[in-house]
Amino acid sequence: MKSLLKSGTSVMVVLALAASQAAAADMMTALGTPEGNVNIVAWPGYIERGETDANFDWVTSFEKETGCKVNVKSANTSDEMVALMNEGGFDLVTASGDASLRMIAGKRVQPINTDLIPSWNSVDDRLKSAPWHTVNGVHYGTPYQWGPNVLMYNTEAFKEAPKSWDVVFKEMTLADGKSNKGRVQAYDGPIHIADAAQYLMAHNPELGIKSPYELNADQYAAALDLLRGQRELVSRYWHDAFIQMDDFKNEGVVASGSWPFQVNLLKSEGLPIASTIPEEGVTGWADTTMLHADAENPTCAYLWMEHSLSPKVQGDLAAWFGSNPAVPAACKGNALLGDEGCATNGFDDFDRVSFWQTPVSKCESQGECVPYYRWVSDYIGVIGGR
Amino acid sequence: MTAASSVTQTAQSSAILPGQGGWTGSLSDKFWRNPKLLLILMLTPPALWLGIIYLGSLFALLAQSFFSIDEFSGMVQYDLTLKTYGELFRPANLDIIIRTVSMAAIVTVAAACVAFPIAYFAARYARGKWKALFYIGVMLPLWSSYLVKVYAWKLILAKEGILTWIFAKLHLTWLLEAWLAIPIIGGYSLSVSYTGTFLVFLYVWLPFMVLPVQAALERVPGSYIEASGDLGATPGQTFRHVIFPLALPGIVAGSIFTFSLTLGDYIIPQIVGSSRLFIGQAVYAQQGTAGNIPLAAAFTVVPIVIMGFYLWGAKRMGAFDAI
């Protein structure tokens, strides 16, 4: 309410809006004068002002054009993001699929008025109404970037790209004549159970898994069994991108689920590394720029959302982060990303990505599912050899 | 003291020293007359700090462990229950506790064995610049970043790291492989085995053992050792009956550090090791990603209880006489 008054709309409009449905009551109808600041919670490396590498700067020009100073608070986990937004004092957040719905449910973010964002129409049609930011047809943010969790492999150990996730789930002899035992890795987070479930979706159709994030007790038990077998093969589970890169360099690891970020960095160092999307498909993440329910700088926030959708920003960011732009136009003619960049980062494989979401007990596909907190305790057991 | 005598005393003191002027003077007089007032004023801020910030947060945490998480919704239920403590005894969680306590115990024993000769040399033989060199040598690792040291060890222990290379140059690769083939402590390479985790723990916490042991050994009078020799004791007997018992409080004091630090650390096993969780990592995972604060709190209680017993035992062995 306060922000609406601030932005200069009349009291009459406020009253009229308050009378209409609750969701629309918070939505802005017109932009005011820029407030001079915008405070954003973002993943590290998501909002660059050229301090790490002068080529990657999508903040300075925005500040010059709009007069909105961009203040970034980095958050390393989705939980941290939710906590910061609950605390308040921020205008925007780049939330992943697990955090976004939690914040919508907790009313920490407000619906956005797509009419105030001219570039909305340029957004990828596949993302416009994605379920992780659109609830009952109301949009709670603008898509920012997305990426698949690819299978990274060493080209010396594999003559050709592995076709299946078999290489990290089943013991086998690789092309270099040695077993894969001890030479593969898996992600050190409970969400890796979803990767196992996705593998089972393709190989054990009798289990009837519809979504890797919605598992009933039997499907869940089968996924855990698969992971127990995987424990025998995995020397170390990875959680830190740089430790994983080190393990590929010094520890003799040849295959693992990974992010394009690591693949691109290792390739740029001239190492024999490549990545592929196996036939079973992959899991992935998709981030959304969302507006805080009590944002103090809504006009600057809307201007940033508009700016964040420009092909230049989207392309530069995709090149920097190894992710995919939410705006298809960014794939062409971006100097940093190159014309091949989108294909490299998996832009055409959208349909083969199961986007990350929090497993909840009341799930759509089968009514009763195993909730996330059980995933956590059971995955700890699996890694511990139980 | 009766009222009459206190009046006399006040009268006397004012007779000897006239009251000082100004508010500082009267304040000083007040403190002099009521020594307890000054004590209360000086103790209140640290007591509040200890009471509210330290113990308050600790009890808030302990209280959390008596709640439980709802099986279906994953929300915390604020009803008092012991169910969460029951969960600690599930096999996977019990594994974590046993794993952490065993590692802490082994690291402590090994640290004592490695630290004793170093501390003995420093306390009894090193003089002048050698003593300074000893202090720098022990303290230097403490000044550099903990993370840098751990990452450096990861590289040293890696499959294609310098240690493997040295073993290969010495034609001892078979020895390394035989060691890694041992179940439990072995693994695919040193950096993904318990042996690696143990070595890094030992390195990082060693200074905390060396310094108290050295302090204890410096307090052993040289005349005792000479007397022991004069009475016909062999060096071994002197060590067993004179030096070791007198140094024991120092060893126990050092072991409190190495044991509790290993018990609580969650970074080393994350970087070097087989990814099997230690207590600190379990707390981190449960409160961070799972939102299962009650179980995280119950896990936190485990080291508190273990350290409680440990300190009680250490006190009986006189560890705190050396501090």
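User: What are the helix and strand shares of residues 96-120 of chain B, and how far apart are the end C-alpha atoms?

Analyst: The span is 100% helix and 0% strand, with 36 Å between its end C-alpha atoms. Helices (H or I, at least four residues) and strands (E, at least two) are DSSP runs, numbered from the N terminus. This is a predicted model, in which local features need pLDDT of at least 70, side-chain atom pairs count only at pLDDT 80 or more, and totals for chains, interfaces and linings use all residues. Residues are numbered from 1 along each chain as its sequence is written, while chains are lettered from A and ligands numbered from 1 in the order in which they are written.

User: Which residues of chain B carry the annotation "transmembrane region"?

Analyst: An unreviewed UniProt entry gives that annotation to residues 37-63, 96-120, 132-152, 242-268 and 289-312 of chain B. UniProt positions are in the numbering used here, feature names are shortened, and annotations may be inferred rather than shown by experiment. Residues 37-63 of chain B are 100% helix and 0% strand, and their end C-alpha atoms are 35 Å apart. Chain B as a whole has 15 helices and two strands.

User: Why is A:Cys300 called buried?

Analyst: A residue is buried if 20 or more other C-beta atoms, placed from the backbone, lie within 10 Å of its own; it is exposed at 12 or fewer and partly exposed in between. A:Cys300 has 29 such atoms within 10 Å, so it is buried. The residue sits in helix H13 (residues 298-308) of chain A. Beyond four places in sequence, its contacts are A:Pro34, A:Glu35, A:Asn37, A:Val38, A:Thr66 and A:Cys68. Two residues are in contact if their C-beta atoms, placed from the backbone, lie within 7 Å. The C-alpha atom of A:Cys300 is also 8.9 Å from that of A:Asp91, at a distance of 209 residues along the chain.

User: What makes E12(A) largely enclosed by the rest of the structure?

Analyst: Of the 11 residues of E12(A), 11 are buried, so the strand is largely enclosed.

User: Which strands pair with E12(A) in the antiparallel sense, taking E7 as one of them?

Analyst: Strand E7 (residues 142-148) of chain A pairs with E12(A) over six bridges, antiparallel; strands pair if DSSP finds at least two bridges between them. A:Gln145 is opposite A:Asp287 there. Strand E3 (residues 92-95) of chain A runs antiparallel to E12(A), with four bridges, and A:Leu92 has A:Leu291 as its bridge partner. Strand E4 (residues 109-110) of chain A is joined to E12(A) by two bridges, also antiparallel. E14 (residues 353-355) of chain A pairs with E12(A) in the parallel sense over three bridges, where A:Gly284 stands opposite A:Phe355.

User: How many residues of domain 1 and domain 2 of chain A are in contact?

Analyst: The assignment gives domain 1 (2-146 + 285-347) and domain 2 (148-283 + 355-383) of chain A; such bounds come from an automatic or database domain assignment. In contact are 13 residues of domain 1 and 11 of domain 2. On the domain 1 side, helix H6 (97-105) and strand E12 (282-292) of chain A each give two or more residues. H6(A) gives the most, with four.

User: What sets B:His171 and B:Ser275 apart in burial, and how many C-beta atoms surround each?

Analyst: B:His171 has 8 other C-beta atoms within 10 Å, so it is exposed. B:Ser275 has 20, so it is buried. B:His171 lies in the loop between helix H8 (162-169) and helix H9 (173-181) of chain B, with phi near 60 degrees. B:Ser275 has phi near 75 degrees. Most residues other than glycine have a negative phi.

User: How do you know where confidence is lowest in chain A?

Analyst: By pLDDT, the predictor's confidence in each residue, from 0 to 100. Helix H2 (residues 11-19) of chain A has the lowest mean, 38, and helix H10 (residues 217-231) of chain A the highest, 95. Over residues 1-25 of chain A, pLDDT stays under 50. The mean for chain A is 86, with 93% of its residues at 70 or more.
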